[in-house]
Each structure stands twice: as structure tokens, then as C-alpha cells.
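Below are my notes on the charged side chains in this model. Please read them alongside the sequence and the coordinates.

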Amino acid sequence: MKKQILLLMALSGLTISCSELDESVYSSIFTTNFYKTASDAEAGIASVSGSLINLYGFPLVAASDFAADQAYPRAVVGRNTITLFSYDPYYTAQRNSGRHETEGPQGVWRFSYKGIENANWVIEKVPAIQMDAQRRTEIVAEAYALRALYHWTLTKTFNEIPVKTRASSSETEALVTKSSRADIYKQIYSDLEQAIAGLPSYSAGLVKGRPSKEAIQGLYAKVALYNEDWAKAVQMAQATINSGKYALMPNVLDVFDVDKEDAARIENMWAVEADRVTPSRWLTVMGIAGPRNSSGPDYAKVSFGSWFAYQGFFDSFSPSDKRRQLLDTTYRDVSGKIVPQRDITPVTPKGVLIRKYRDPNSIAEANNCNFPIIRLADVYLVAAEAEARQNGATAAAYGYINTVRKRAGLGDLTPGLGKDAFIAAVLQERSWELFAEADRWFDLTRTNTFLTVIPKAVNDVYPTRTPLAKHRYYPIPLEEIQANPKLTQNPGWE
């Protein structure tokens, strides 16, 4: 009987496409002679973490930040469909522009499952390799951490998704049905616990880009917050905070100074490590966010002026909030002249530039700015919210949020707030602290506040924005459903 599916898997990741074959489903890369040596194990874990560059390089930023209330894209190549909630399950606009895998949810799906597939090979094969036992344990633990991160990213974006915990060496293993939310988080918890058990504690000698035990405890805290598991969120956040391994940088601006990235690891616990000279390690976020026509040398050598902050978001900051300096309403052009706000972009006289990822020494479109996965300020705010949801606005909850506010140059949060008001204040603090870090949309959807918040986040470029209940989660890419008969579409997108 002829087969209708070709599976390309293993180290290249999982992709499914239609092709008429006489043979059975097979793997395009045979692992029989791989995963034999220590160098194979190192190459394997590099392939797992390699998906981070693809995922955070832009798809996750587009899926989160283009849809939220902090920043918006210039309306080109289909990006506005995310902002206007006019996309379809085929993501037609992105696909027609040739950017369907790099600028939206399709890329989140593809690159996350590619990472999961590669993690499964490492978890299955590396334990049998004869090599340094400690390093072997660390590699497998890191694979568990990454598998958890990818599954969590998928469920934040698409809700119920297939959980894959076996490498795909057959059609049965490749085509998996959706799991319930409870089962998804059960698996993520299990993977995070395996990772924590095997990862080393943070030290200055930890290899760049590799997570520590404490970093994964912080990630676990955030995962638990999304799962409304308040006690676990507090427990894991406290484990990270009380470990003494990490600290907030005294100056919040230094966290995003490309020349201080090594020092910033004391706060930026796990990040996507960019490398401007290695093509496979580029991040191009600043090229999207900087001034148009590459006219701002302080931002990047090449920038397109395609991603700006809303004026309303800029205005929401207190003038004394140091984090507002990570946005700007003017810039210095190549001649040294200060360009006023009205001339920042032709699409609006109220353009606000995002300054978090500047790299004046970038090469072409490639910059050296690391992208945070989890940083300590986030963990403090997770602790504040989880503590308040569990016990109300306690002194401990106030202590967590005030630590972040103090670093930002603000006074303590108004004392005596009720539970709901305190939680609202934490969510606002998260918005100020974590903007442009692929976080805000997921805060709005996990709290189910996007329907009331988003219609207020408008400007002359996007004067009307009307999300529907179905937009809480993105539709599963239609081609994935066509390739996998076990998959069903999300409600409202059928």
C-alpha cells in the first residue's frame, strides 16, 4: 500500500509533507552510527538548543509582541494581520510573503517541535555513551530543560498540543494526538524536575547559553504561575531568589547593554546567545526595531524601522522610571543630528523606538544582543503575583515587587492594596519590566484580559483592534492538521 506521508526527522527536526511513496515511512537521518562518542553528545545538545535562535529570532516575538498592547509592527509583509487579528489558520498573508515560518505562529510550531525532536534523541541515546559521567548527566538534563521550554512555548501559543516524548523513528511515533492541559503541564513539570536534578548550580565558569539549576527553578516558577499552581510558583521562585547565585544588576540599562552581557548574566539567568559573526547564531530583532533606512548608528548597522512602541505605552511610565530610557522618541542619525519624533517613521508622527537590543557594532542585519529566556526580575514578579494569589497582598509579596521597583528608580508600591489591586499592579509592573521580551501577550491571555486591554491599545496606524475570544490561542497551522490526521483544530478556527 502506498504511503502518503514523508517524515523528515532526527537532527534536522520534524517536518511532515505529502509525497506519494511505495516505501514505509522512514527517517531521513539514521542514528545507528551516531551518538557513539562524547563529541556526538555535544553535537546533539547543540542541535536541541539551536532551535532557540530560530524561535526567538523572530517568530515568538511576532506572535507575542505584535499582538499585545506595548508595541506594533509597520504594516508590511503580513505582520499587521497579527496586530489586527485578521490571520487565518493557513496564515495566508505570511505564507504569500514568504515569511510564514519566520514571522509568526507557524515558526513557533515548527521550531519548537524541531527542538523537541532533537531533545528526544539526546534523552534516548546519550545515557548509553561512554564519556565523562558528569558532563553526560548535564547534557541529558539540559535536553529535559529545553524539551520543557519548547512544550511550554507551544501550549502558551496554541493551548492543547501534542506532547512528544519519543524520537520519531516510525509513523506511529511521529503522528501524535493532542494532550489535555493537565497532561501537558504534568510532562513539563516532570522534565523540569529531571533538569533540576542534573544541572549544575550557576557559577561564572558555566558555559554561555547553558542553563543552571537555579535558572530552571526560575523557569519552573513561571511555568507553575501559568498553570495557576501558586504554591509551586512561590516555592520555585524562592529557591532561585534565595540561592544567592543571582542578583539584579544595579542599573537596569546595563541588563541590555551589548558590551556588558557577560556581567549581566548575574541577572539574565538563561538567554538565547547571539553571535554576530556566525550566520547560524544571528538574531535580527534590532534590525526590525531600529530606525528606518539604517539611519541610527547607535542602534544597528542595518535597521528597517518596522517595530515601534505605542505612544500610550511610553506615556504609562513615570518620568523617573529608568526603564523608560529603554524607549526613545528621538535618535541621533549618521550625521550626528538629532531626529525629532515626528520624523522617526513616515507611518506616524508618534513613533517610539525600542532600545533594548541595540548593537552599534552589528554586522549587516546580524546583532550580538542576547534575548532573555528567564531573568531574575521576572522571577521576583512571578513570586509577587503567586504569593498574592495564594495569600493576598502580604509583606512578602510587597517585598518581591518593591525589589524590582527600587531598581527601576521608583518608590515602593502603594501600601494596603487589596488582593485584586495588588495583582493588577504586578501585571502592570511586568509590562514595564519585560516589554519587547515576547512576554506580554501571554500575560494577557493567561489572565484572560486581552479582550478588554487590546481595544484600548490603538493609535493612528491601528485605530481599531477587536480581538475575539478565539484569539486567546492561535490556530494550529492548517498544513500540520492536513499532515497529521490525529490533530484537531482549536475551537473557533475549524
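1. Arg-446 and Glu-385 are both buried. The model is a predicted one, and in it these two side chains form a salt bridge, with 2.7 Å between the closest N and O atoms. Arg-446 belongs to helix α17 (residues 440-446) and Glu-385 to helix α14 (residues 376-391), so the bridge ties together parts of the chain that lie 61 residues apart in sequence.

2. A second bridge involving helix α17 is formed by Asp-443 with Arg-430, whose closest N and O atoms are 2.7 Å apart. The partner, Arg-430, sits in helix α16 (residues 419-434), and the two residues are 13 apart in the chain. Asp-443 and Arg-430 are buried as well.

3. Arg-135 pairs with Glu-42 in a salt bridge, the closest N and O atoms being 2.8 Å apart. This pair links distant parts of the chain, 93 residues apart: Arg-135 is in helix α6 (residues 133-158) and Glu-42 is in helix α1 (residues 38-57).

4. Are the two ends of that bridge buried or exposed? Arg-135 has 14% relative accessibility and therefore counts as buried, since the cut-off is under 20%. Glu-42, at 27%, counts as partly exposed, because that class covers values between the 20% and 50% limits.

5. The model has 32 salt bridges by the rule applied here. Some of them share partners: one network built in this way joins Glu-267, Asp-321, Arg-323, Lys-356, Arg-375, Arg-405, Arg-407, Glu-429, Glu-433 and Glu-437.

6. Asp-69 deserves a separate point. The residue is placed in the loop between α2 (59-65) and β3 (71-73). With a relative accessible area of 14%, Asp-69 falls under the 20% limit and so counts as buried.

7. What does the side chain of Asp-69 make a polar contact with? The partner is the side chain of Arg-440, at 2.8 Å. Arg-440 is also where helix α17 begins, as that helix spans residues 440-446.

8. Which residues is Asp-69 in contact with, leaving aside its neighbours within four places in sequence? Arg-440 is one of them, and Arg-465 is another. The list also includes Tyr-310 and Phe-313, together with Leu-444, Val-453, Ile-454 and Ala-457. Leu-444 falls within the residue range of helix α17, the helix that holds Arg-446 and Asp-443.

Technical notes: Residues are numbered from 1 along each chain as its sequence is written. This is a predicted model: local features need pLDDT of at least 70, side-chain atom pairs count only at pLDDT 80 or more; totals for chains, interfaces and linings use all residues. Side-chain values use heavy atoms; hydrogens and water are left out. A salt bridge is a side-chain nitrogen of Lys or Arg within 4 Å of a carboxyl oxygen of Asp or Glu. Helices (H or I, at least four residues) and strands (E, at least two) are DSSP runs, numbered from the N terminus. Buried means under 20% relative accessible area, exposed over 50%, partly exposed in between (1.4 Å probe, protein chains only). A polar contact is a pair of N or O atoms within 3.5 Å; within protein, one must be able to donate a hydrogen and the other to accept it, and residues adjacent in sequence count only if both atoms are side-chain atoms. Contact means heavy atoms within 4.5 Å.
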